[in-house]
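Thanks for asking me to look this one over. Here are my notes, set out point by point so that you can follow along in the viewer.

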Amino acid sequence: MTLYPKLILDALKTVRYPGTGKDIVAMGMVEDDMRIEGNKVSFSLIFPRPTDPFIKSIVRASEVAINTYVGPEVEIKGNIAVKTVKKNPDKKAAESPLPGVKNIIGVSSGKGGVGKSTVASNLAVSLAQLGYKVGLLDADIFGPSIPKMFGIEDAQLYMSEVDGRNMIEPAERYGVKILSIGFVVDKEKAVLWRGAMASNALKQLITEANWGELDYFIIDMPPGTSDIHLTLVQTLAITGAIVVTTPQEVALADAQKGISMFLGPQVNVPVLGIVENMSWFTPASHPDEKYFIFGKDGGKNLAAKLGVKLLGQIPLVAGICKGGDDGVPVTLQNSVSGRAFVELAQAVVKAVDERNASLPPTHRVVTH
Ligand SMILES: Nc1ncnc2c1ncn2[C@@H]1O[C@H](COP(=O)(O)OP(=O)(O)OP(=O)(O)O)[C@@H](O)[C@H]1O
């Protein structure tokens, strides 16, 4: 069985803190440090005082709830740590502009129109549905389409004061915190925003926004190779990149260039894998049929050739396009295409875990 934080948290919601009638999740006693490795689950519970009389019984009740509601095979006994104060902000805060963010994923493509923004938005929503804390930054200055895909084109941004600083508050939709370069510049004008202006606006959306604590921060990058890619790797330590392509020859050649850019010395970001989009066409009336209109397995074969993972194959279906136009990502629907995105999210979680286990953290690119 595959374990996700949401499954564990749902089980913990059945554990009540005596005398309050509230569960331990609602009371904020479950620390945001859950680790899942195979069947092994560990996290901390925060108690108000070291002398709290219920520490032992609540730890025990949490173990029992997880084994009862999630499964007896979950290794939880002895893995719940007890803390009596909320942990201090990380020392990393001074070095990283996003100290509360665990993983930063850049979604890019070799060429435009292959479905990069569709993949980024459905991936973000799927991860949120699996119980992760997710942020999405639309950095595609050439065509910021995330606001439309989430139905928040008219979102009014406001500032809030965080630790004495004025910060931009991201919009929130379907459990995802969202900011887009499209919020700060007219769509028609965005394309003129090359160079320093676009870079500065993006840096502001990253460093002066209240992203808070996130498990995954997804960035919808511009297609191709651009100076915006450089700005992003100079501003943030990107954990890994995902390259979206269609199975078509012309798209594959550009995807390969995109992968070379990430792995090259100027950018130097590990590639988590390839997503093949529009892998086959499936008519709504015949959900079992597959027509390989852009060729078969192009992305899969490219992944094998370059020795990178194939993270998923997404069919071409009308519902995905309609979902984008209507502002309701298809992954919210229990359809074949919706499930393809949930499986993609699961593959990305696994790829990030493997990357973090095998490679050192990415460093920001420093220019002299
Ligand atoms: N699997 C799919 N099935 C059906 N329609 C899709 C699929 N993937 C993307 N689309 C549609 O194709 C169009 C282009 O997708 P999208 O905007 O995600 O591409 P993109 O690569 O981000 O483009 P750009 O580089 O111009 O930003 C959109 O109308 C989207 O709804």
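**Notes on the loop, the ligand shell and a helix pair**

1. V114 sits in the loop that runs between β4 (101-109) and α3. Please keep in mind as you read that this is a predicted model. V114 counts as buried because 25 other C-beta atoms lie within 10 Å, where 20 or more is the mark for that label. Setting aside neighbours within four places in sequence, V114 is in contact with S109, V244, T245, T246, A251 and N277.

2. G115 is also placed in the loop between β4 and α3. Is G115 buried or exposed? With 22 C-beta neighbours inside 10 Å, G115 is buried. Beyond its neighbours within four places in sequence, G115 has contacts with V244, N277 and M278. V244 and N277 also appear among the contacts of V114.

3. The UniProt record, an unreviewed entry, gives the feature "binding site" at G110, K111, G112, G113, V114, G115, K116 and S117. Both loop residues discussed above, V114 and G115, are therefore within that annotation, which may be inferred rather than shown by experiment.

4. Now to the ligand. Which residues come nearest to the ligand? Of the 20 residues around it, these are G112, G115, S117, T118 and G324. Among them, G112, G115 and S117 are also listed in the UniProt "binding site" feature. At least two residues of the shell come from each of α3 (116-129), β12 (271-281), β13 (310-316) and α11 (318-326). Sorted by class, the shell holds 8 nonpolar, 10 polar and 2 charged residues.

5. Another loop residue is V74, found between α2 (55-69) and β3 (80-83). Why does V74 count as buried? The reason is that V74 has 23 C-beta neighbours inside 10 Å, and the label applies from 20 upwards. Apart from neighbours within four places in sequence, its contacts are L3, N39, V41, I66 and N67. For E63, which is 11 residues away from V74 along the chain, the C-alpha to C-alpha separation from V74 is 9.3 Å.

6. Last, a helix pair. Helix α9 (residues 249-263) packs with helix α10 (residues 298-306) at an angle of about 35°, and their axes are 11 Å apart. The crossing of α9 past α10 is right-handed. On the α9 side the contact involves L252, A255, Q256 and I259, while α10 brings G298, L302 and L306. These contact residues comprise 5 nonpolar, 2 polar and no charged.

Conventions: Residues numbered from 1 in each chain as written. Predicted model: local features only at pLDDT ≥ 70, side-chain atom pairs only at ≥ 80, totals over all residues. Helix = DSSP H or I, 4+ residues; strand = E, 2+ residues; numbered from the N terminus. Buried ≥ 20, exposed ≤ 12 C-beta atoms within 10 Å, placed from the backbone. Contact = placed C-beta atoms within 7 Å. Axes fitted to C-alpha atoms, helices over the stretch in contact; angles between N-to-C directions. Left-handed = near helix turned anticlockwise from the far one by under 90°. Nonpolar A, V, L, I, M, F, W, Y, C, P; charged D, E, K, R; others polar. Near = placed C-beta within 6 Å.
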